[in-house]
Protein chains: 2
Amino acid sequence: MKTATRKDEIIAAASSLFKEKGYSAVSMRDIAQEMGIKAASLYNHISGKQEILSTLVLFLAKEFTRGMHSVMISERSPLDKIRDIIELHIDITVNHSEALAALNNDWMHLEDQDLSDFVKMREDYEENFRTIVKEGIKAGDLKPRHPEVILFSILSTLRTLYLWYQKRGKLDVNILKKDMVAVLLKGIV
Amino acid sequence: MKTATRKDEIIAAASSLFKEKGYSAVSMRDIAQEMGIKAASLYNHISGKQEILSTLVLFLAKEFTRGMHSVMISERSPLDKIRDIIELHIDITVNHSEALAALNNDWMHLEDQDLSDFVKMREDYEENFRTIVKEGIKAGDLKPRHPEVILFSILSTLRTLYLWYQKRGKLDVNILKKDMVAVLLKGIV
DNA sequence: AAATTAGACTAACAAACGTTAGTTTTGTGA
DNA sequence: TCACAAAACTAACGTTTGTTAGTCTAATTT
């Protein structure tokens, strides 16, 4: 557990502001004020506003990519893989709830290589998920519904979880996982 | 069916840009360019950027509020009311898919009275939904799960539907409703 | 034909933006 | 105590921002 550098502190402060107002509505002066310093001082630690965003977003994108990869190479059933993906999202949400807003809402403000890297990772992630869903249907694990609707309903719930997790007073992670898996897989009626 | 005024055209152009980059990242010059005119000309039709946002967001918020109200006063079962709410979201998504991005992501840039009006409507909407879910559980219509988790999983799926609706080539509305109700209520396994 | 109006235009404004340059302060190790 | 590096500062830059004022044009109304 290495100590947080000044750069990490800036990124954390920025995350919090991005979550409230979005990347474009947050100025370097806002971030500096949150840190108790002047805007120009930020440049002793980071190269610019864009670096804050890309550090934030690409870190999380890689986290999801890595998680999906280990699910893919596991020998578990399609249904269990979906359970694992749900838990992956919950784990990342619990550990990085501030930064997830930027991942979801501000990725389009990335530039050049960072943007195309991100889009690639996101597309691959969805494609892998889609494959698992299709395998689940073929194997009879899942009901024979349109894979796209299943994929969408699970993914949009998981992607917006960060919005609720904080508001509802940080529920216990294991209870959350249990409830979430139950509702998403078995429905409510 | 009254014809679209120039103001309506501006709001439509702005919606499309807001959806792509968010309210703060879109300039009046961007909107003007989309219309093929100069930024200053926009002010012959609207009072400012803020009016575009509030027109957009409050219109939709009222649409949801009105829809929820007619569901509430109906004499249907809690389960049927939830079905109706799902269909309400799908109808609004199909008819206003561009504007929904601003509702979801840019409402916090509203000012003063508009902001507090919006927040009130949104809170009331969620509270009404929550009440229906609780009644459904009490009546035995729904499984006895935590109402908050049910509410969250349905609502976050419905709220992000606009993102998928366009990407997946505008599916048929009735099929979409059927699939959606099935997946959200009965689960996938 | 004259008058009115809707809707575009150019030019400019003050404020806020991200960022740079150069300087001063602060804390650490020799 | 001195030297050095880390990290703050002030001041300013060129751009972009939302918006206003005033003007011109083309269509519609009288």
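How far does a polar side-chain atom of A:His45 lie from a phosphate oxygen of DNA strand D? The separation is 2.6 Å, and A:His45 is also among the residues that come nearest to that strand. This is a predicted model, in which local features need pLDDT of at least 70 and side-chain atom pairs count only at pLDDT 80 or more, while totals for chains, interfaces and linings use all residues. Residues are numbered from 1 along each chain as its sequence is written, chains are lettered from A and ligands numbered from 1 in the order in which they are written, and side-chain values use heavy atoms, with hydrogens and water left out.

**DNA strand D**

- Around DNA strand D there are 16 residues (a residue being near if one of its heavy atoms lies within 4 Å), of which A:Arg6, A:Lys38, A:Asn44, A:His45 and B:Tyr43 come nearest.
- Sugar or phosphate accounts for 53% of the atoms of DNA strand D within 4 Å of the protein, and bases supply the rest.
- From chain B, an N or O atom in the side chain of B:Tyr43 is 2.7 Å from a phosphate oxygen of the strand, and a backbone N or O atom of B:Lys49 lies 2.8 Å from a phosphate oxygen.
- The surface near DNA strand D comprises six nonpolar, five polar and five charged residues, where Ala, Val, Leu, Ile, Met, Phe, Trp, Tyr, Cys and Pro count as nonpolar, Asp, Glu, Lys and Arg as charged, and the others, Gly among them, as polar.

**Contact between chains A and B**

- Chain A and chain B contribute 40 residues each to their contact, which means heavy atoms within 4.5 Å.
- The area buried between the two chains (the accessible area, with a 1.4 Å probe, lost on putting them together and summed over both) is about 3,600 Å², and carbon and sulfur atoms give 66% of it.
- One salt bridge is counted between chain A and chain B, a side-chain nitrogen of Lys or Arg within 4 Å of a carboxyl oxygen of Asp or Glu being the criterion.
- A:Glu126 and B:Lys167 form a salt bridge in which the closest N and O atoms are 3.9 Å apart.
- Helix α7 of chain A gives the most to the side of chain A that touches chain B, namely eleven residues.
- By class, that side of chain A has 18 nonpolar, nine polar and 13 charged residues.

Conventions: Helices (H or I, at least four residues) and strands (E, at least two) are DSSP runs, numbered from the N terminus. A polar contact is a pair of N or O atoms within 3.5 Å; within protein, one must be able to donate a hydrogen and the other to accept it, and residues adjacent in sequence count only if both atoms are side-chain atoms.
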